[in-house]
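Thanks for sharing this one. Here are a few friendly notes to read alongside the coordinates.

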Amino acid sequence: MTALRLHAQPSPIDAPAPGRRNPRKAAAALEQGRSRLVVTAAMFAFAFVAVGVGLVDATVLRQGAEPDIAQAQPAGLLQTGRADIVDRNGAVLATSLASASLYADPLLVIDPVEAADKLTAALPDLDYDALVRQLASDKRFVWIKRKLTPREQYAVNRLGIPGVAFQREERRIYPLGPLASHTVGFTGVDNDGLMGIEQSFDQALRGTPEPLALSIDARVQHLVRRELQAAIDEFSGIGGAGMVMDLETGELLAQVSLPDFDPNAPMNLDENTRFNRTSLGVYEMGSTFKIFNSALAFESGKIGLSSSFDATHPIRVGRHTIGDFRGKNRWLTVPEIFIYSSNIGSVRMALEVGTEAQRALMAKLGLLSRPSIEIPEVGMPMVPNPWREINTMTISFGHGLSVSPLQLVAAAGAIINGGVMRQPTLLRRDPGEPVLGERVVSPQTSAMMRRMLRLVVTEGSATAAAAPGYVVGGKTGTAEKITGRGYNRKSRISSFLGAFPIHDPKYLVLVMIDEPKGTARTHGFATGGWVAAPAGGRIIAQLGPMLGVEPVDENRPDIRQAVDLFAAPAPATGGGTTGGSTLASY
Amino acid sequence: MIGKTTIIWLVLAAVASVVLFHTSYRVQELDLRLAALNREIIREQEAIQVLKAEWSFLNDPIRIERLARDYTPLGPSGPAQIIASVEQIPFRAPEAEGPALVSAAPVPGRKPAPALPEAGESRLASAEPDIDMRSAEPNIDMRSAEPTAGTPVALPSSQVVALPPGGILLTSFGRQQ
């Protein structure tokens, strides 16, 4: 505006009074005034151009670079108070849904009795007397009921009671119910994790809308759970544990502990149901430990496939007798000790290798320390201290050292997968991510162990676990549980640990039944071979197609080459009598 | 001359202010629209969240297995029915006549019926699922060997027996007794 006025105002220089000044002087002054005006005008023009350029720059040119004042809602993921938990294929295991919670401001409630009448009619599970007392109190805020269903919300809304209102809250939903209840866990009324992944990832789940992907595969989990439940039902067990591990990555595709519960309503859980048998429970595993004992023997270099040991007589140690179940009562080679599951032979092998080497291998296999897994329910192994010779003897066949099934799976995985210990995990690994591992046994030992495991399935106690097309190798185990001061012959842990395809092991399966009872079909036996191995076989037969494992002809020459021991012992004879030992493992 | 300049500037100022006010109202309008859209997005996202939960609930393997047992003659697929890689498919014998390896897709929406082996039918597999489990003819598992991470559908304890171009997933589960 200033510039406009300058131009518009008549300048005194433009109209000089004639005759009053020297015309030359006046002309000079006029010239000077003009040039001043030009300079001033140029300055103003420059200033305006600068402002104009600035305006264009600010409004037209800088649009993209300038921070948006208007914030658009990020598309895609809803920012909830707690992120979803999904399985490895994206199936939702836990999610947060908005729901309404009912509260009241008692000072605004006109007639507490009438309001309580109406509310209990709409929500029958409310306690009438407590509600009247709450509504008559002189507080300004009382919860009436948390996390209503939409139907309940509608019913209460229809009543139109003054002083009663809804508060938006998030409700944790587990759409697949009990499927992975022990792994996923559950949350309390204020959405704080109280178990499993919900507890250990409590902070992480609150921080990000990104769903947490577990290594669990809902299909595999269901398969294992179904077959485990069938085995428990058939043999009237009190519980069971089942796991499937990817041997290349250490991911657990299934982690089942039965009995389980519905995490949507985790009220009044008894200890047996809440107990995670796969990772919190520690058990004497029995004969599956002979995998480690044989690996120990091969690793020592003192014992080979053709070494043989005297299993003629039971071994007496103090007041204990170590004998064999269906004993052969003769000298046995190392593979024979393994497939007939000879305790006597195992003890002799362990004694030849020595206590220190045994202890060192067990430590390397992670059997002596608390395993690391992403849930808080992890049991501490029960390690003998001091580790005497008697402990060396009993541990050789799986007694005297209690470990969790999780530890067993991780350690056996290391023996089978080529000798590299990989940390089991419940989180999905990216396929490209390198998997770290520590070598615990040599590849040669691992290869020999795979052949021996195959032999147990073709000729030993785990024949029921054979799944045609998938070359299964495995070992059964039966251990008596300690009740009170001694071993109880009636309460057992029967298990099967198997890997397939054993010539190129990809998956490891563990089935464990707690306190199975023999049936007429099994001639009263409740051993791992009768109870757990058939379930393991059924799991593998369905797991292979599900995970796209290529079925092969088991008699193909290259497969036989890869899995057969050079000298296969004579086939096992059926039947037999129960060994008279007080410490039996078979 | 002076008047003209003044008028030009006044007109310019008037135009500028009209444009300014117009823009300002437009911005307000857009702000309201943005807020409404943001609310709508949150509503939609919540609805998606609910639908995702429901999808997962409906895909509960226990439920699907029960449905499959009650309404279809399908059972869990066995090793004999799986072809994990293309290399495993043998080449067609040169003299064989008939359609390509996988014949035409079944009519979408049609309930799968036991395929009758016909002469001249594909030598390997028909796209119609072979429901007779004892049949020696294998079904082609069209899924890749590796389950892809992004698969939105939990295929609970099931195998995709055939994936015709129509996009129907014929699944099989349950225990075949």
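The points below cover confidence, the layout of chain B and one helix pair in chain A.

1. Please keep in mind that this is a predicted model. For the complex, the predictor reports an ipTM of 0.71 and a pTM of 0.72.

2. Chain B deserves some care: its mean pLDDT is 66, with 51% of its residues at 70 or more. Among its elements, helix H2 (residues 61–71) of chain B has the highest mean pLDDT, 91, and strand S2 (residues 170–172) of chain B the lowest, 36.

3. Residues 100–177 of chain B stay under 50 in pLDDT, and in the model they have 152 contacts beyond four places in sequence. Where pLDDT is low, the predicted coordinates should not be read in detail.

4. On layout, chain B has two helices and two strands, in the order α-α-β-β from the N terminus. Of its 177 residues, 22% are buried. Counting contacts in chain B between residues at least 6 apart in sequence, 53% link residues at least 24 apart.

5. In chain A, have a look at helix H3 (residues 112–122) and helix H4 (residues 128–136), whose axes come within 9 Å and cross at roughly 140°. H3(A) and H4(A) are therefore oblique to each other, and the crossing is right-handed.

6. Which residues bring H3(A) and H4(A) together? From H3(A) come Pro112(A), Val113(A), Ala115(A), Ala116(A), Leu119(A) and Thr120(A), which meet Tyr128(A), Leu131(A), Val132(A), Leu135(A) and Ala136(A) of H4(A). By class, this contact has 10 nonpolar residues, one polar and no charged ones.

Conventions
Residues numbered from 1 in each chain as written. Chains lettered and ligands numbered in written order. Predicted model: local features only at pLDDT ≥ 70, side-chain atom pairs only at ≥ 80, totals over all residues. Axes fitted to C-alpha atoms, helices over the stretch in contact; angles between N-to-C directions. Helix = DSSP H or I, 4+ residues; strand = E, 2+ residues; numbered from the N terminus. Parallel < 35°, antiparallel > 145°, perpendicular 65-115°, else oblique. Left-handed = near helix turned anticlockwise from the far one by under 90°. Contact = placed C-beta atoms within 7 Å. Nonpolar A, V, L, I, M, F, W, Y, C, P; charged D, E, K, R; others polar. pLDDT = per-residue confidence, 0-100. Buried ≥ 20, exposed ≤ 12 C-beta atoms within 10 Å, placed from the backbone.
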